[in-house]
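Me: I would like to go through this model with a few short questions. Here it is.

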Amino acid sequence: MAAADYYEILDPRFARLFNDNAQVEKLFTGCRWAEGPAWFAAGRYLVWSDIPNNRMLRYDETDGSVSVFRQPSGNSNGNTVDRQGRLVTCEHSGRRVSRTEHDGSIATIADKWRGKRLNSPNDVVVKSDGSIWFTDPSYGIDSDYEGDKAESEIGACHVYRVDPGTGEVEAVITDMVRPNGLAFSPDESLLYVADTGRTHGAENPAHIRVFDVGEGGKNVSGGKVFADCTAGLFDGFRLDEAGRIWTSAADGIHCYDPDGTLIGKVKVPEVVANCVFGGAKRNCLYIAGTTSLYMVRLMVNGAKTF
């Protein structure tokens, strides 16, 4: 497969975002369901989840080695890095959002809302004010495959915000079927959230919505559909410096211009769950496929996130 065959140009704007010689490289295989990659710039390594195997793996950019980072992992799913360089993790069987402290201890960030246990936190981002935003669909309690089967105590699936000062957990979006991946625009004026409700009925959504972030950065409004998925489901995604969305789909990574146009695809030979920008210049897109970790070097740089 020639390097150029990894890319599908749907709009001329996509052609300048990749190099014809840059292949999609497979860095590791052997997962059951790879998810939630998080890049640690200081250590030049990537941590990601293998949900059904109840473990987290670590890829070292300096020598290409892969090792087990944590097992058991609470059936971890989405991960991110906060402003202090700490790992923030969504745990399915733990039914919580946790943080790995600098000394290696693990603290609970959120596990309840209004006294009821969360479903199974899925994806998480940290805003510049230190607030933690996460989605809470039911995938980790729907069966024993990627968590522990249980009934939802809340009876719904929401998007939450954890206040950096008080630790209060607030539901900020309550009208989604199965909220999944989420990310802020580079200036944090917009919040994008994927809804994978299609997994629970053909009549349900398979799209990304976009919300306006209010003054003070605590509340959101709007929520119009930004894009409908043309291949399977959107799951996790990240943005580049220009505000383009690079999102997972059934046939690889789909790239959307900020105006909502699907401008191109990076083809991956497996269903993709998530991605993250990394590398010294944030121009390496690390991709979590079904069984494998991939990487492609792009001609763009990821937005500065932590």
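Me: Which residue in strand 22 is the bridge partner of L239?
Reply: This is a predicted model. L239 has its bridge partner in strand 22. That partner is I245.

Me: How many bridges join strand 21 to strand 22?
Reply: Strand 22 covers residues 245-249 and runs antiparallel to strand 21. The bridges joining these two strands number three.

Me: Which strands stand at the edges of the open sheet with the order 1-24-23-22-21?
Reply: Five strands form this sheet, with antiparallel pairing. The twist from one strand to the next averages 20°. An edge strand here has a single partner strand, so one side of it is left without a neighbour in the sheet. That applies to strand 1 (7-9) and strand 21 (237-239).

Me: Which strand gives the most to the largest nonpolar core?
Reply: The largest nonpolar core has 22 residues, and F14, W246, L285 and I287 have the most contacts inside it. At least two residues of this core come from each of strand 23 (252-256), strand 24 (262-267), strand 25 (272-278), strand 26 (284-289) and strand 27 (292-297). The most, three residues, come from strand 25.

Me: How many residues are in the second, separate core?
Reply: V97, F134, I154 and A171 are among its members. The count for this second core is 16 residues.

Me: How far apart are the end C-alpha atoms of residues 33-288?
Reply: An unreviewed UniProt entry places the feature "domain: SMP-30/Gluconolactonase/LRE-like region" at residues 33-288. The span is 49% strand and 2% helix. Its end C-alpha atoms lie apart by 8 Å.

Note on methods:
Residues are numbered from 1 along each chain as its sequence is written. This is a predicted model: local features need pLDDT of at least 70, side-chain atom pairs count only at pLDDT 80 or more; totals for chains, interfaces and linings use all residues. Side-chain values use heavy atoms; hydrogens and water are left out. UniProt positions are given in the numbering used here, feature names are shortened, and annotations may be inferred rather than shown by experiment. Helices (H or I, at least four residues) and strands (E, at least two) are DSSP runs, numbered from the N terminus. A nonpolar core is a set of buried Ala, Val, Leu, Ile, Met, Phe, Trp, Tyr and Cys residues joined through side-chain atoms within 4.5 Å. Buried means under 20% relative accessible area, exposed over 50%, partly exposed in between (1.4 Å probe, protein chains only). Two strands pair if DSSP finds at least two bridges between them. Axes are lines fitted to C-alpha atoms, for helices over the stretch in contact, and angles run from 0 to 180 degrees between N-to-C directions.
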